[in-house]
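Got your viewer ready? Load the model, switch on the cartoon, and let's walk through it one selection at a time.

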Amino acid sequence: MGSTNRQTMELQRKVKEQLKTCTDPVDKIRLTALSRGPGGIKHIGLIFRNMDDDNSKSINFTEFKKGVKDIGCNLTNEEMNEAFKKIDSDQSGEIDYDEFLLKLRGDCLNPKRESYVHKAFEKLDKDKSGAITVEDLKGCLRRYTTSQGHEWRVDRRPGS
């Protein structure tokens with residue numbers, strides 16, 4: 001068995017252990033998706049589309065309830081209501097893709113990775129405005145050679 005298969009099996013084992021003690025219904029949905037393998041969270045868009053029976057680009061409570069059961073997550077009616085309310089952050093009565101993604105994805109970055117992202121952002125945000133603008137990027141991307149040997153400049157595309 002390759003290391004990838006072992007890692008997948010180890011991840012699934014850990015997730016199933018966490019599911020035994022998990023009390024938050026949104027976490028239960030997330031862990032159930034992860035228990036399907038490392039692609040569980042990656043395929044969150046597919047999970048959402050499968051729940052969206054009427055193709056309205058949002059899911060109502062009925063679709064949500066059916067979809068949660070379809071992925072194999074067993075929640076009580078109370079937990080189902082709690083999860084829906086937590087995910088429906090604008091309290092519109094429907095969950096759109098962004099709400100679904102943000103709540104189910106959870107905190108994907110460990111503290112060390114998050115620190116790297118903040119440092120990279122600070123380095124790119126030359127004018128310290130809190131946003132990275134085209135002007136900020138121009139200073140960083142003046143000249144760059146790609147791995148294929150093409151030169152990249154702000155005013156040119158690779159290979160041109």
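Start with the whole chain, coloured by relative accessibility: of its 160 residues, 28% are buried. Keep in mind that this is a predicted model. Still with everything selected, the accessible surface totals about 11200 Å², and carbon and sulfur atoms hold 51% of that area.

Now colour by secondary structure. You should find nine helices and four strands, arranged along the sequence as α-α-α-α-β-α-α-β-α-α-α-β-β. If you like contact maps, draw one here: among contacts with a separation of 6 or more, 39% join residues 24 or more positions apart.

**Stop one: helix α2**

Select residues 25–34, which make up helix α2. Is this helix mostly covered or mostly exposed? It is mostly covered, with nine of its 10 residues buried. Show the side chains of P25, V26, K28, I29, R30, L31, T32, A33 and L34 to see the buried set. The list includes K28 and R30 as well as I29 and L31.

Next, add D24 to the selection. What does D24 do at the N-terminal end of α2? D24 caps that end, with a side-chain oxygen placed 3.0 Å from the backbone nitrogen of V26.

**Stop two: the aromatic rings**

Across the whole structure there are four aromatic pairs. Select F48 and Y97 for one of them: the ring centres are 5.5 Å apart and the planes meet at 80°, an edge-to-face arrangement. This pair bridges distant parts of the chain, since F48 sits in helix α4 (residues 44–51) and Y97 in helix α7 (residues 97–105), 49 residues apart. F48 has 4% relative accessibility and therefore counts as buried. Y97, at 32%, counts as partly exposed, because that class covers values between 20% and 50%.

Now move to F64 and F84. Their ring centres lie 5.4 Å apart with the planes at 65°, so this pair is edge-to-face. Here, too, distant parts of the chain are linked: F64 belongs to helix α5 (residues 61–70) and F84 to helix α6 (residues 77–87), 20 residues apart. Are these two rings' residues buried or exposed? F64 counts as buried because its relative accessibility is 0%, and F84 counts as buried at 7%.

For the last selection, go back to F48 and Y97 and add F100. Together, F48, Y97 and F100 form one aromatic cluster.

Definitions and conventions
Residues numbered from 1 in each chain as written. Predicted model: local features only at pLDDT ≥ 70, side-chain atom pairs only at ≥ 80, totals over all residues. Heavy atoms only, no water. Buried < 20%, exposed > 50% of the residue type's maximum accessible area, 1.4 Å probe, protein only. Helix = DSSP H or I, 4+ residues; strand = E, 2+ residues; numbered from the N terminus. Polar contact = N/O pair within 3.5 Å; in protein donor to acceptor, adjacent residues only side chain to side chain. Phe/Tyr/Trp six-rings, centres within 6.5 Å; stacked < 30°, edge-to-face > 60°. Contact = heavy atoms within 4.5 Å. Areas by Shrake-Rupley, 256 points an atom, 1.4 Å probe, with all protein chains shown as cover.
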